[in-house]
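Here are a few notes from going through the model, set out as numbered points. Have the structure open as you read.

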Amino acid sequence: MPRPQKRLAGDAGPDKKGLLGKRTKTEDAGEVSAKVENSSPQKISASKNSVKKLSSYWLMKSEPESRLEKGVDVKFGIEDLKAQPKQTTCWDGVRNYQARNFLRAMKLEEEAFFYHSNCKEPGIAGLMKIVKEAYPDHTQFEKNNPHYDPSSKEDNPKWSMVDVQFVRMMKRFIPLAELKTYHQAHKATGGPLKNMTLFTRQRLSIQPLTQEEFDFILSLEEKEPS
């Protein structure tokens with residue numbers, strides 16, 4: 001999950017523009033496939049193009065409650081994003097190849113739900129937007145970082161991140177339990193959430209949304225909790 005990164009001045013490198021880092025939840029290594037692991041420019045380009053056809057909307061998971069990972073607190077909730085300078089930060093720490101490819105497919109101004117995960121009440125807390133497209137995730141090179149990857153090289157980095165900016169809180173928190181109720185009903189009726197990735201690929205911290213899914217979830221703000 002993302003979180004404000006406590007690191008020594010200068011560790012960010014010249015491309016970070018003073019942004020504080022954060023963490024995404026460690027994802028299931030079993031999700032990694034040999035095909036997507038190849039990160040050559042040609043493969044990346046093909047992946048970006050294919051993912052772009054899927055979505056211009058996203059769901060991005062982060063942990064709002066304290067949890068230590070290799071001695072570092074990985075907490076980063078939507079209130080932490082709001083507290084960042086210009087309410088903007090980098091979304092680092094993604095270590096799943098499919099989730100990484102989704103990051104690389106994101107375009108400026110695309111919208112994403114900020115989803116609180118691995119907490120007492122998971123669910124959608126607010127909206128943010130992409131304000132910088134994918135670039136190398138600096139945490140892969142930081143030896144003291146929980147997400148350090150010694151196999152990644154600076155001349156051919158494996159992992160990417162984007163910059164996000166807070167847009168607004170949801171008019172009401174949309175809990176996972178409510179979304180799951182709609183998902184189950186829509187599987188039978190053919191409704192908007194019938195194939196939602198949140199339930200078909202639960203472990204992914206970066207997930208595409210169709211416009212139909214995105215619009216339906218926004219409509220839930222105006223409804224009483226089910």
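1. A word on labels before anything else: helices (H or I, at least four residues) and strands (E, at least two) are DSSP runs, numbered from the N terminus. With that naming, Gln84 sits in the loop between α3 and β4 (88-91). Keep in mind that this is a predicted model.

2. Staying with Gln84: is its side chain buried or exposed? Its relative accessible area is 6%, and buried means under 20%, so Gln84 counts as buried. A polar atom of its side chain lies 3.1 Å from the backbone oxygen of Asp80. Gln84 and Phe166 are 82 residues apart along the chain, yet their C-alpha atoms are separated by 9.2 Å.

3. Next, helix α5 (residues 176-189). How far apart should its ends be? At 1.5 Å a residue, its 14 residues should span 20 Å, and the end C-alpha atoms are indeed 20 Å apart, so the two agree. Just after α5, Gly190 has a positive phi of about 80°.

4. Which residues of α5 are buried? They are Glu178, Leu179, Tyr182, His183 and His186. These residues cover an arc of only 140° around the axis, which means they lie on the same side of α5. The general background is that an α-helix has 3.6 residues a turn, so residues three or four places apart point the same way. Turned away from that buried side is a face with the exposed residues Ala177, Lys187 and Ala188.

5. What do the buried residues of α5 pack against? Their partners are two strands, β6 (123-136) and β7 (160-175), along with the helices α6 (197-200) and α7 (211-219).

6. On to the nonpolar cores. The largest has 22 residues, and those with the most contacts inside it include Met60, Trp91, Met106 and Ile206. At least two residues of this core come from each of β1 (57-62), α3 (78-83), α4 (97-105), β5 (111-116), β6 and β7. The biggest contributor is α4, with 4 residues. There is also a second, separate core of 19 residues, with Leu127, Ile174, Leu193 and Met196 among them.

7. Last, the cysteines. Cys90 is buried, at a relative accessible area of 1%. Cys119 has 17% relative accessibility and so also counts as buried, the cut-off being under 20%. How many disulfides are there? With a disulfide taken as a pair of cysteine sulfur atoms within 2.5 Å, the count comes to 0.

Notes. Residues are numbered from 1 along each chain as its sequence is written. This is a predicted model: local features need pLDDT of at least 70, side-chain atom pairs count only at pLDDT 80 or more; totals for chains, interfaces and linings use all residues. Side-chain values use heavy atoms; hydrogens and water are left out. The expected span of a helix is 1.5 Å times one less than its number of residues. Buried means under 20% relative accessible area, exposed over 50%, partly exposed in between (1.4 Å probe, protein chains only). The arc is that of the directions from the helix axis to the C-beta atoms. Contact means heavy atoms within 4.5 Å. A nonpolar core is a set of buried Ala, Val, Leu, Ile, Met, Phe, Trp, Tyr and Cys residues joined through side-chain atoms within 4.5 Å. A polar contact is a pair of N or O atoms within 3.5 Å; within protein, one must be able to donate a hydrogen and the other to accept it, and residues adjacent in sequence count only if both atoms are side-chain atoms.
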